[in-house]
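Q: Could you take me through the salt bridges in this one, up close? I'd like to hear which side chains pair up and how buried or exposed they are.

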Amino acid sequence: MEKPPTSNAHEEDTLHPQGLGANMEAQPSTSNADTISLLSESPNNEPMDSRYPPASNNIILNHDFSGGLHLWHPNSCEAFLVSQETTRPKGLTDKLSAPFAIITKRKQQWQGLEQDITDRISPFSVYNVCALVGISNGTPENQEHVLATLKLEFEDNSVRYLFIGRTCASTEHWEKVEGTFSLSAMPRRVVFYVEGPSPGVDLLVKSVVISCNSFSQCESDKQTCALSDGEENIIQNPRFDDGLNNWSGRGCKIALHDSMSDGNILPVSGKFFGSTENRTDYWNAIQQDITGRVKRKLVYDFIATVRIFGNNISTANVKATLYIQTADLREQYIGVASVQATDKDWVQLKGKFLVNGSPSRAVIFLEGPPPGTDILLDNLIVKRAAKVPPASPPVVENAAFGVNVIANSNLTDGTNGWFPLGNCNLSVGNGSPHILPPMAKDSLGAHEPLSGCYILVTNRTQTWMGPAQMITEKLKLYLTYQVSAWIRVANHASKPQNINIALGVDGQWVNGGQIESSDDKWHEVGGSFRIEKQPTKVMVYVQGPEAGVDLMVAGLQIFPVDRHARFRQLKKETDLIRKRDVILKFSSSDSATLVGTSVKIRQTQNTFPFGTCINRSNIDNEDIVDFFTKNFNWSVFENELKWYWTEPQKGNLNYKDADDLLNLCANHNIQLRGHCIFWEAESSVQSWIRNLNKDNLTSAVENRLAGLLARYNGKFKHYDVNNEMLHGSFYQDRLGKDIRAHMFKTASQLDPTATLFVNDYNIEDGCDARSSPEKYIEHILDLRAQGGPVGGIGVQGHINSPVGPVVRSALDKLGVLGLPIWFTELDVASDNEFVRADDLEVMLRESFAHPAVEGVVLWGFWELFMSRDNAYLVNAEGDLNEAGKRYVALKQEWLSRARGRIDEQGKFEFRGFYGVYEVEVEVANDVSKEKMVKASFVVDKGEGPIVISINL
């Protein structure tokens, strides 16, 4: 599922679950995002700001109004405090706990509450903002927005305003206004204020926290803020104080402004801002050449303040891109940052980048909006990124592994604890399975039988309607939860129905598992999720079938899993399938002297394939190459073999990047997977291919097969022939169903030495009905029935919060086909590197302990060079993080060692992993009495003991 590179009046009614139609069509990297950043909850269920402690880290004083309105000032309106002791104004709900401020008698939207923060901030630092807000006396039918804003007053008495964030406020509960800001220069005065609702609507503020990303760095910045931009910022003339000097247009003109749109657009950090003019293409940009000022192998922070203007476009994506040209004229475009900019406010564009090689030219530029829409740039900072302090492992108390958080799961108390989401009806029926679903049983072991009762959901008029429960207080941060249930469609449906166990986490949809049902049988749903920042509200609900289709739900279980207990079990299984009994039979000219001789065995290489993807820019960085060659024995190219890379325009062939990578791997005896010959996702097909008619497309497909496979005949052990056929159908739609099997047959004829794979995502996690193991098996059997020589099963493995039994269940089902299974693009993501390490260990141990899995390839390992954030093993400047340490430790664990003495029969026996070994034997002789003799041997995969003769 990797992307092609770019320029690089019930409580439940307050939640807004989305229907399956929208969510299940989302890209898997976001629709299954089970790790979410939210706020924490106080003992009385009021949201608190757990990320930013209200002590020294918060630059807002009296942030929670515990000191009344001290240091807070109403802006041209009035304010008063509601405390625990005061009587609430009429009509104000009791759900909003005191103390909080009420801002009233507001006659303009900009009127609100403010605090001067001038002496507590510094330029170049990045600040996080989180305010808890509400409204009173607003009308329910009208949405009222609350905004967080900075007012900047300069020495020349000019005033600028910087938008930070907004939210849709409620009269019933606190909502969060969140955002970030950074100043490239220090104004005379900086005022933070909250504003926004319609005139006459009272604004409520519970708390405000403004915290620097790194408090210690903020303190350092305060001490060094007197430095000029040039001493820290590698961008010259960053605020356009010197006009347009050092700036240029990329395919367009640029202009300097002190204002635009009749004074409605003003600069925020200086007296001027720059803009593009006459843009005719998406890549037209404002740019600066930074050649000689950016250093290789160093991480840089990028922070820009931008907005858009013109062409009746209100929002557009603005991207920062770094252009690199090497000494040999090779070009590279590195995607640095992206933001949805508007024509209403200045917003901040933030990112990071690292340059691997020594560029002969480097240019940073802003691009992205459609032609005719101009990019406005107020300021730009590019500076060395601060070192991130080491992470700490999360502390989880009283984990209660295996304990179900669902109340009345067995329905022995009717529907108590449950409520209907929407205007559907819930009742209890009998006749569901009494046994636990297999995946849950694999985790829980021996368990009391289920009651046989189920919830029957009728009168469903929307896909999202179904049974629901609130489970907010029952979840613990950083624990991985397994989800399991029996699901059935209760009445006949005209087509297969998707059924989903979902969680609404502060309004965000989280996927807990999904299946497709086309019959009246009970089906197991299994999935997992994890929450890493405490939410204010979590609801679990079952949804999915089309309106009018009744739904049955039985034995819903949500419980935390003990991953380390499973690791102990997997170690035993690994020993059974990845090791072999070895008998070393020693001989020498005087065999009698061997008895009792010391023997030391050390495995130097486990032959199980552990690989990673790499890209061409990686090999310009010797640190990346060093880690790659020391820790992996297989590889795959991230993009360089894909058709859009090797032939971006018709007839314009580029195999140099692939050749460079192939030569590196050949020099280090690293085996290769070929990824990929074709890719069914239309978004990954280059435009000239999309524009071909059927005959020309057929010819282009044949040329691609012949050209690629002739050039690299015998070089790649595997090929992913047609990537992601379960999720895309570009070639099949245009050339017919037979084209897929034809691709396999032709590839096999052109390179009979390669094993040909299918390759797809969301196979192993239970979260996607389109790519369930059953659907994948059906797909493979269909290809083989048409004569397609499918020789291997590729499971990509872009997974969130993995749970062993769910992954094992998928592998067991696929294993029935008797084909080798490879994880081909494995990555796991978590903000906390210790949790990420646990996720990685789950996947590696499950893979290594399963007899059908014959290889694992990671989808990268180095920060800033992976398709998923927070998935890396090595930080950008070369420090191994906890996930990387765990990977290295597992590789060491899977190397066997033994020592002992040769027995009377001249033998030494041990059990070890398949692979390459060294043996050291102390042999007596007449001169020195003893000498050390070394020999090497290989333990091949096989049944029964292997006898290896070693002549000393």
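A: Quick word on confidence before the salt bridges: this is a predicted model, with a mean pLDDT of 89 for the protein and 91% of its residues at 70 or more. Two stretches drop below 50: residues 3-56, which still have 153 contacts in the model beyond near neighbours in sequence, and residues 214-231, with 22 such contacts. Where pLDDT is low, the predicted coordinates should not be read in detail.

On to the pairs. The count comes to 51 salt bridges. Take Asp116 and Arg189, whose side chains meet at 2.7 Å, N to O. Asp116 sits in strand E6 (residues 113-116) and Arg189 in strand E11 (residues 189-195), so this pair links distant parts of the chain, 73 residues apart. Both ends are partly exposed: Asp116 has a relative accessible area of 30%, and Arg189 comes in at 26%.

Next up is Glu516 with Lys775, where the closest N and O atoms are 3.1 Å apart. Here strand E29 (residues 508-517) supplies Glu516 and helix H14 (residues 773-785) supplies Lys775, so parts 259 residues apart in sequence get tied together. Glu516 is partly exposed at 33%, and Lys775 is partly exposed at 25%.

Then there's Glu882 and Arg886, bridged at 3.7 Å, N to O. They are 4 residues apart in helix H17 (residues 882-893), so about one helical turn separates them. Glu882 is buried, with 17% relative accessible area, and Arg886 counts as buried too, at 16%. Through shared salt-bridge partners, Glu882 and Arg886 join one network with Asp838, Glu841, Arg845 and Glu893.

Methods:
Residues numbered from 1 in each chain as written. Predicted model: local features only at pLDDT ≥ 70, side-chain atom pairs only at ≥ 80, totals over all residues. Heavy atoms only, no water. pLDDT = per-residue confidence, 0-100. Contact = heavy atoms within 4.5 Å. Salt bridge = Lys/Arg side-chain N within 4 Å of Asp/Glu carboxyl O. Helix = DSSP H or I, 4+ residues; strand = E, 2+ residues; numbered from the N terminus. Buried < 20%, exposed > 50% of the residue type's maximum accessible area, 1.4 Å probe, protein only.
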